[in-house]
Structure formats: structure tokens, C-alpha cells
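Thanks, everyone. I'll take one structure and go through it from the overall layout down to single residues. Please have the viewer open.

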Amino acid sequence: MKLYIPTRESEYITQYFGKNSLTMFYCSACRKYYSRKGSNICPSCRKIMPLVKVYENMGLKGHNGIDWRCYYKEPIDYNCSNPGIVKMVDNDPTGGMGVEVVSYDKDTDKYYKHIAWHFIKVNVKVGDKVECGDNLGLGDTTGISTGNHDHEGVKQCNKDGTTLDYNNGYKGAIDPYQFYDMEYHARELYFMRKQIPLLYKAIEALKGLLSILKK
Ligand SMILES: [Zn+2]
Ligand SMILES: [Zn+2]
């Protein structure tokens, strides 16, 4: 299984797997996180909020994925070499919008769940089949987030999408960095794959035309 660069601003991985420095204000009554750049008074219930380590507060050892900076409404495409099926879609902007896709890797005989998060709009539905380069949605900063980015997570799972090794400290997430092919951008790869057969057909047509002209 390979993952390709998901966003245009590919140089900017803003947070790696396992990092645990993100702090935000947290209202335990409303169960909501707020940027530490703003006020520590909860806008909903007016209680004073403590500054918390976000991942610890979520029961994680650290960040459970890799964050790729994106621009507002940047198309985020499915960036895995194996085709997959959309297993879960979250359209609630308060919790963050995103997509989970399950794919099978025949090289390792394993199923993987691939998570992309913090969208402003989701463009797929549960049950959709997706291939590398198909659009999943548009990037933003919905949910627990401090700036526009695509959070990418990978979990090993069963065929039905049930996460394996859920108690590994990251709710089953593993470091996705090992899967990235930093040479290719998912969308550009898709474009190339679409264009190369067209180019090939054009060359063949031209050859045919030349052979007719020669006669
Ligand atoms: Zn509150
Ligand atoms: Zn993240």
C-alpha cells in the first residue's frame, strides 16, 4: 500500500504522528475545544476553561495521524494506491467533517482504514467505491483543529472496518509516514493516469493516419 501526497502545499506537514504538544481550551461541560488564541471563557456556558493537552484529554498518547497543510476548500482526494470503499462519513462540522475508507492490500493481505479529516464539505457517501485521485471532499479546519489542514490517519482493520489493536494508545492508529510516497501527488498522479492512455491513443491514431498517407 502506498499513500500519495494529499494536498497541494506538500512541503508543509504541520504535525507528525505521536506529537503531544497541542494545547487548547476545553469546556468539560460542553465537551468542546477552543483555540488558545481566543478567550478562556466558554462561549456557550460562560464557564472558565482550563488549557489542556488535547491528545491526552482524548485518551491518546499523542497525535494519531499526520497533518498536511491545505488551503481553504482545497480538494482532498483519495490518495491510496489500493481502491477502497467509503465506510464512514461525518458531516457534523462541530466534531469535524471527514471520511473513512477501507481498502485491501493484497501484498500484505491486510485491510486498512484510511481517515481524512477536518473537511468543510464531504463529496462521497457510505458505500461509494473510490480510487486514487477520486475527490473525497474539500479541506478546512472543522472540529478539533487550529488551522486548515488534512488530518490523515491509518488503522489496520477487519474487512468490515472494525479497528484492530484499538488499545495501542492511539485508538488503533499507526504512523502513516511509512506508507507515503513523497514523489507523487494523488491528484497529479490521477491526471497523468487519465492523460497517458489518451496520449497513447492519439499516437496510435497518428500512426494509422501516417500509414494511410504513405500508401
Ligand atoms: Zn461550556
Ligand atoms: Zn491531525
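The chain has 15 strands and 2 helices. Keep in mind that this is a predicted model. Along the principal axes, the C-alpha trace spans about 85 × 35 × 30 Å. Of the 215 residues, 35% are buried. Now the contacts with a separation of 6 or more: 66% of them join residues 24 or more positions apart.

Next, the domains. Domain 1 comes in two pieces, 3-17 and 65-209. Domain 2 is the stretch 21-60. Their centres, taken over C-alpha atoms, are 29 Å apart. How many residues from each domain make the contact? Domain 1 puts in 5, and domain 2 puts in 4. On the domain 1 side, that is 2 nonpolar residues, 2 polar and 1 charged.

Let's go inside. In soluble globular proteins, nonpolar side chains tend to be buried together. Here the largest nonpolar core has 32 residues. Which residues have the most contacts inside this core? They are Tyr4, Tyr78, Val99, Val101, Cys132 and Ala186. Several elements give two or more residues to this core, including strand S1 (3-5), strand S8 (84-90), strand S9 (97-105) and helix H2 (186-214). Strand S6 (66-69), strand S10 (110-122) and strand S13 (149-157) are on that list too. S10 gives the most, with 5 residues.

Pick Val101 from that core. Setting aside residues up to four places away in sequence, Val101 touches Tyr78, Val130 and His114. Val101 also touches a run of residues at Gly84, Ile85, Val86 and Lys87.

There is another core, apart from the one that S10 feeds. This one has 10 residues, among them Phe25, Tyr26, Cys27 and Ile144. Hold on to Phe25, Tyr26 and Cys27, please. They come back with Met49.

Where does Met49 sit? In the loop between S4 and S5. Is Met49 buried or exposed? Buried, because Met49 has 23 C-beta neighbours inside 10 Å, and the cut-off for buried is 20 or more. Leaving out neighbours within four places in sequence, Met49 contacts Phe25, Tyr26 and Cys27. Tyr34, Asn40 and Cys42 complete the set. One distance for scale: Met49 and Asp109 are 60 residues apart along the chain, and their C-alpha atoms are separated by 47 Å.

Now the strands around that loop. They form an open sheet of 3 strands, in the order S4-S3-S5, with antiparallel pairing. The edges are S4, residues 32-34, and S5, residues 51-53. Each edge strand pairs on one side only. Ignoring direction, neighbouring strands of this sheet are turned by 55 degrees against each other on average. S3 covers residues 23-27, and 3 bridges join S3 to S5. Within that pair, Met24 stands opposite Val52.

Over to S6. What does S6 pair with? Strand S2, residues 13-15, is one of its partners, antiparallel over 2 bridges. There, Ile13 has Trp68 as its bridge partner. S13 is another partner, again antiparallel, over 4 bridges. In that pairing, Arg69 is matched with His149.

Last stop, the backbone. Lys73 is not a glycine, yet Lys73 has a positive phi of about 65 degrees. Lys73 is in the loop between S6 and strand S7 (75-77). How is Lys73 classed for exposure? Partly exposed, because Lys73 has 14 C-beta neighbours inside 10 Å, which falls between the limits of 12 and 20.

His118 is also a non-glycine with a positive phi, of about 80 degrees. His118 lies in strand S10. Buried or exposed? His118 counts as buried, because 24 C-beta neighbours lie inside 10 Å.

So, three residues to click on before we discuss. Met49 is in the S4 to S5 loop. Lys73 is in the loop between S6 and S7. His118 is in S10. Over to you.

Definitions and conventions. Residues are numbered from 1 along each chain as its sequence is written. Chains are lettered from A and ligands numbered from 1 in the order in which they are written. This is a predicted model: local features need pLDDT of at least 70, side-chain atom pairs count only at pLDDT 80 or more; totals for chains, interfaces and linings use all residues. Two residues are in contact if their C-beta atoms, placed from the backbone, lie within 7 Å. Domain bounds come from an automatic or database domain assignment. Ala, Val, Leu, Ile, Met, Phe, Trp, Tyr, Cys and Pro count as nonpolar, Asp, Glu, Lys and Arg as charged, and the others, Gly among them, as polar. A nonpolar core is a set of buried Ala, Val, Leu, Ile, Met, Phe, Trp, Tyr and Cys residues joined through C-beta atoms within 7 Å. Two strands pair if DSSP finds at least two bridges between them. Axes are lines fitted to C-alpha atoms, for helices over the stretch in contact, and angles run from 0 to 180 degrees between N-to-C directions.
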